[in-house]
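Q: Please give a close account of a single part of this model, and then place that part in the setting of the whole chain. Backbone details elsewhere would also be welcome.

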Amino acid sequence: MTFITGSKETFLNADHKEAMEFLMIVSDITAADAYAELKKYVHHKTTNRYQHCLNVAWYSYLWAKNAGLDYRSAARGAMLHDFYLYDTKEFRLSGMNHNIVHPRIALKNARMFFDVNPVMEDCIVHHMWPSGIGSPVTMEGAIVSAADKYCASLEWGLGRAGQIVPVIRAISRSIRN
Ligand SMILES: [Fe+2]
Ligand SMILES: [Fe+2]
């Protein structure tokens, strides 16, 4: 089942106009075998890179649409913003700055498989702002950068919640005893 972290959206309601429109916008990307490879890579400890990109794309789509922007390019750029196919931990052993390198690799991969317009390019290349390689030059790029941080917080938070709950249970048990 398709879902979005931090949202009740499941894309099962065919009457939900925005959910169906979003699926149409990204369907060729999710259908690509190379893109499905992203499911193999753990991302932010609690999820995989495919789910993370889908999360960022859904929020970017909603925020860009509500703001009257190019929501199609925002959604597609967000889908492709972390389109790199290797383990981040292994890359870091190289000593290179991953924040700078991976947006460029994602753009190269995106161009290999899909048409990338200038707005999508901005969304991909500048999503790491304020770290990475420069700031977004479009509102859609700024939205994807913000959605990336929002989703990363949700995803990391899930992991932290998993660690904190056993501690709280142990404390409450000791208080009761
Ligand atoms: Fe990234
Ligand atoms: Fe990301």
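What follows asks about one helix and then answers at length. Which residues make up helix α3, and how many of its residues are buried?

A: This is a predicted model, in which local features need pLDDT of at least 70 and side-chain atom pairs count only at pLDDT 80 or more, while totals for chains, interfaces and linings use all residues. Residues are numbered from 1 along each chain as its sequence is written, and chains are lettered from A and ligands numbered from 1 in the order in which they are written.

Helix α3 comprises residues 49-66. Helices (DSSP runs of H or I, at least four residues) and strands (runs of E, at least two) are numbered from the N terminus. The expected span of a helix is 1.5 Å times one less than its number of residues. For the 18 residues of α3 this gives 26 Å, and because its end C-alpha atoms are also 26 Å apart, the two values agree. Of those 18 residues, 16 are buried, so that α3 is mostly covered. Here a residue is buried if 20 or more other C-beta atoms lie within 10 Å of its own, exposed if 12 or fewer, and partly exposed in between, with C-beta atoms placed from the backbone. After the helix comes Gly-68, which has a positive phi near 75°.

The burial of α3 can be set beside its part in the core. A nonpolar core is a set of buried Ala, Val, Leu, Ile, Met, Phe, Trp, Tyr and Cys residues joined through C-beta atoms within 7 Å. The largest such core has 38 residues, and those with the most contacts inside it are Ala-57, Tyr-61, Ala-74, Ala-75 and Ala-78. Two or more residues come from each of α1, α3, α4 (71-79), α6 (98-113), α7 (118-125) and α8 (139-176). The greatest share is that of α3, which supplies eleven residues. Two residues are in contact if their C-beta atoms, placed from the backbone, lie within 7 Å. Leaving aside residues up to four places away in sequence, Ala-57 touches Val-26, Ala-75, Ala-78 and Met-79.

Leu-38, in the loop between α2 (33-36) and β1 (42-43), also has contacts worth noting. With the same exclusion, its partners are Asn-48, Arg-49, Tyr-50, Cys-53 and Phe-83. Leu-38 counts as buried because it has 21 C-beta neighbours inside 10 Å. Its C-alpha atom lies 7.1 Å from that of Asn-48, ten residues away in sequence.

In the wider setting, the protein chain has eight helices and two strands, in the order α-α-β-β-α-α-α-α-α-α. The radius of gyration is taken over C-alpha atoms, and the globule rule is 2.2 Å times the number of residues to the power 0.38. For 177 residues a compact globule would have a value near 16 Å; the chain has 18 Å, which agrees. Of these residues, 36% count as buried. Among contacts with a separation of 6 or more, 59% join residues 24 or more positions apart.

Another pair of core helices, α6 and α7, have axes that come within 8 Å and cross at roughly 145°. Axes are lines fitted to C-alpha atoms, for helices over the stretch in contact, and angles run from 0 to 180 degrees between N-to-C directions. Pro-103, Arg-104, Ala-106, Leu-107 and Ala-110 of α6 meet Glu-121, Ile-124 and Val-125 of α7.

Some backbone details complete the account. Most residues other than glycine have a negative phi, and most peptide bonds are trans. Phe-11, in the segment before α1, has a positive phi of about 65° and is partly exposed, with 16 other C-beta atoms within 10 Å. Lys-45 lies in the loop between β1 and β2 (47-48); its phi is likewise positive, at about 65°, and Lys-45 counts as exposed because it has 11 C-beta neighbours inside 10 Å. The peptide bond from Trp-129 to Pro-130 is cis, with omega near 15°, and Pro-130 is in the loop between α7 and α8.
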